[in-house]
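Please open the model in a viewer and follow the selections below in order. Each stop names what to select and then describes what is found there.

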Amino acid sequence: MEESKNPHEAVSIPDTAINPKTVPNQAPYPSRITFQMKDGSSKSINRTERHLGKGGQANVYFATDDEGQEYVIKIFDKSMYKEGEKRNPRKEFQRESNLLQKVDSPHVIKYYGETSDPDNDRYCLLLEYCNSDLQKLIDCIRLVNKSGIFPEGQARKIFDHLLQAQFDL
């Protein structure tokens, strides 16, 4: 298959799945996905069953490549939206993809690549894996500081990082 230079053009997603769970009228999530990388190359990534989270527009899975490098796959899927909702997974995927491609900051998760499966209205971003959770950090600090008050120095440090990320956008 000839490699595409357009990052939004569909890249073949095999129909083999580790998890046979499917959304009604949709193909299962594949276990191995080929991404168009930021540098124009292609890379196959192994999606694991380790579901990291779910938001209003996407599911997030832990993934690795054949060398063991850790990633996150964010899957924008029409099934995530309530029936009759006017949001569009393709548009939300493109908006986030375009924004992340422009950012190079240690305060923002790195974008590595993307792929799409328009036949199933499914779009995927390949992102940096960050083994951290802000709420867990806050809870941990509160445990250490038994008063339950978030220490000003820690709050300032986190807030500074958040502001810096905004400036990097």
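Begin by selecting Phe159 in this predicted model. Its relative accessibility is 49%, and because the partly exposed class runs between 20% and 50%, Phe159 counts as partly exposed. The residue belongs to helix H3, which covers residues 152–168. Now add Leu162 and Leu163 to the selection: with Phe159 they make up a nonpolar patch on the surface. Together the three residues present about 280 Å² of accessible area.

Next, move to strand E3, residues 58–64. Of its 7 residues, 7 are buried, so the strand is largely enclosed by the rest of the structure. Display the side chains to separate the two faces of E3. Ala58, Val60, Phe62 and Thr64 point one way, while Asn59, Tyr61 and Ala63 point the other way. The residues of both sets are buried.

Keep E3 in view and select strand E2, residues 42–54. The two strands pair in the antiparallel sense, over 5 bridges. To find the register, pick Asn46, which stands opposite Thr64 in E3. E2 and E3 form a hairpin, with 3 residues between them.

Then turn to strand E4, residues 70–77. E3 and E4 run antiparallel and are joined by 7 bridges. Here Phe62 is a useful residue to pick, as it stands opposite Val72 in E4. These strands also form a hairpin, in this case with 5 residues between them. Within the turn, select Gly68, whose phi is positive, at about 95°.

The following stop is helix H1, residues 89–102, where Ser97 is located. Ser97 has a relative accessible area of 0% and is therefore buried. Show Glu114 alongside Ser97: a polar contact of 2.3 Å joins their side chains.

Finally, select the cysteines Cys124 and Cys130. Which of the two classes, buried or partly exposed, applies to Cys124? Cys124 has 2% relative accessibility and therefore counts as buried. Cys130, by contrast, reaches 42% relative accessibility and so counts as partly exposed. How many disulfides does the structure hold? The number is 0. A disulfide is a covalent bond between the sulfur atoms of two cysteines. No such link is therefore to be displayed at this last stop, as the structure holds 0 disulfides.

Technical notes:
Residues are numbered from 1 along each chain as its sequence is written. This is a predicted model: local features need pLDDT of at least 70, side-chain atom pairs count only at pLDDT 80 or more; totals for chains, interfaces and linings use all residues. Side-chain values use heavy atoms; hydrogens and water are left out. A disulfide is a pair of cysteine sulfur atoms within 2.5 Å. Buried means under 20% relative accessible area, exposed over 50%, partly exposed in between (1.4 Å probe, protein chains only). Patches are made of residues with over 30% relative accessible area and no salt bridge: like charges are joined within 9 Å, nonpolar side chains (Val, Leu, Ile, Met, Phe, Trp, Tyr) within 5 Å. Accessible areas come from the Shrake-Rupley method with a 1.4 Å probe; for residues, only the protein chains shown count as cover. A salt bridge is a side-chain nitrogen of Lys or Arg within 4 Å of a carboxyl oxygen of Asp or Glu. Helices (H or I, at least four residues) and strands (E, at least two) are DSSP runs, numbered from the N terminus. Two strands pair if DSSP finds at least two bridges between them. A polar contact is a pair of N or O atoms within 3.5 Å; within protein, one must be able to donate a hydrogen and the other to accept it, and residues adjacent in sequence count only if both atoms are side-chain atoms.
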